[in-house]
Amino acid sequence: MWTEFDRAMMREALREAQAALETGEVPVGAVIAREGKIIAAAHNLREALHDPTAHAEILAIRAAAERMGGWRLSGCTLYVTLEPCPMCAGAIVQSRVDRLIYGAKDAQAGCAGSVYRITEDPAFNHFCKSDGGLMAEECEAVLRAFLAGRRS
């Protein structure tokens with residue numbers, strides 16, 4: 001189901017998550033690829049920017065749209081270490097990303113399959129194929145490290 005390219009892109013998203021962890025942010029990383037190349041990468045910056053919308057996915061979508069010179073991210077795949085929340089899933093649909101691949105499931109707020117499936121809801125005018133579980137253990141480990149640090 002997963003290609004070696006998918007795994008390589010998730011490793012890049014994990015590097016972004018690690019960068020977030022090192023600065024005290026919730027460690028979520030995202031990468032957007034198109035035609036075999038990374039066009040954007042980001043990690044959570046909510047604390048640093050004092051911005052509740054500064055999730056990795058939103059920041060990566062903004063950077064990809066700027067790089068492509070338009071808001072439509074057709075032909076793009078977004079890789080993210082944690083299943084997107086409702087806000088991010090909505091942004092994925094609105095930006096016309098073709099494919100979403102995430103690592104860890106989010107049983108509390110995940111909207112690409114766990115709680116709801118915004119990305120594949122036929123009520124919306126765009127469908128984004130969504131698959132989760134790629135390198136889930138590695139993605140969960142970064143989140144556990146963050147939570148362990150907060151508890152100590």
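Here a biologist and a modeller talk through how the labels on this predicted model were reached.

Modeller: Ground rules, then: this is a predicted model in which local features need pLDDT of at least 70 and side-chain atom pairs count only at pLDDT 80 or more, while totals for chains, interfaces and linings use all residues. Residues are numbered from 1 along each chain as its sequence is written, and side-chain values use heavy atoms, with hydrogens and water left out.

Biologist: Why is His126 called buried?

Modeller: Buried means under 20% relative accessible area, exposed over 50%, and partly exposed in between, with a 1.4 Å probe and protein chains only. His126 comes out at 13%, so it counts as buried.

Biologist: Where is His126, and what does its side chain reach?

Modeller: His126 sits in the loop between strand E4 (99-104) and strand E5 (129-132). Helices (H or I, at least four residues) and strands (E, at least two) are DSSP runs, numbered from the N terminus. The side chain of His126 reaches the backbone oxygen of Val97 at 2.8 Å.

Biologist: What makes that a polar contact?

Modeller: A polar contact is a pair of N or O atoms within 3.5 Å; within protein, one must be able to donate a hydrogen and the other to accept it, and residues adjacent in sequence count only if both atoms are side-chain atoms. At 2.8 Å, the His126 pair is within that limit, so the label holds. Contact in general means heavy atoms within 4.5 Å, and leaving aside neighbours within four places in sequence, His126 is in contact with Val93, Arg96, Val97, Asp98 and Thr119.

Biologist: On to Asn44: why does this residue count as buried?

Modeller: Asn44 has 5% relative accessibility, so it counts as buried. Asn44 lies in the loop between E2 and helix H2 (46-49), and a polar atom of its side chain lies 3.2 Å from the backbone oxygen of Val26. Not counting residues up to four places away in sequence, Asn44 touches Ala20, Glu25, Val26, Val28, Ala54, His55 and Ala56.

Biologist: Why is Leu21 called partly exposed?

Modeller: Leu21 has 22% relative accessibility, so it falls in the partly exposed class. Leu21 is in helix H1, and its C-alpha is 9.1 Å from that of Asn44, 23 residues apart along the chain. With residues up to four places away set aside, Leu21 touches Pro27, Val142, Ala145 and Phe146.

Biologist: And Cys88: why is that one buried?

Modeller: Cys88 has a relative accessible area of 0%, so buried is the label. Cys88 belongs to helix H4, where Ala89, Ala91, Ile92 and Val93 are buried too. The cover over the buried residues of H4 includes H3, E3 and E4. Beyond four places in sequence, Cys88 is in contact with His55, Glu57 and Ile58.

Biologist: Which residues have a positive phi without being glycine?

Modeller: Glu35, with phi near 50 degrees, and His50, with about 55 degrees, are among them. Glu35 is in the loop between E1 and E2, and at 67% relative accessible area it is therefore exposed. His50 is in the loop between H2 and H3; at 71%, His50 is therefore exposed. Just after H4, Arg96 takes a positive phi of about 65 degrees.

Biologist: What makes a set of residues a nonpolar core?

Modeller: The members are buried Ala, Val, Leu, Ile, Met, Phe, Trp, Tyr and Cys residues joined through side-chain atoms within 4.5 Å. The largest such core has 44 residues, of which Ile32, Leu73, Leu78 and Leu100 touch the most other members. H3 gives the largest share of this core, seven residues.

Biologist: Last one: how do you know that something is a pocket and not a cavity?

Modeller: On a 1 Å grid over the protein atoms alone, a cavity is a set of points where a 1.4 Å probe fits but cannot get out, whereas a pocket is an open set with protein on both sides within 12 Å along at least five of seven lines; lining residues have an atom within 4 Å of a point. The largest pocket has 21 lining residues, with Val26, Val28, Leu82, Asp106 and Leu143 nearest its centre. Helix H5 (residues 136-151) supplies the largest share of that lining, five residues.
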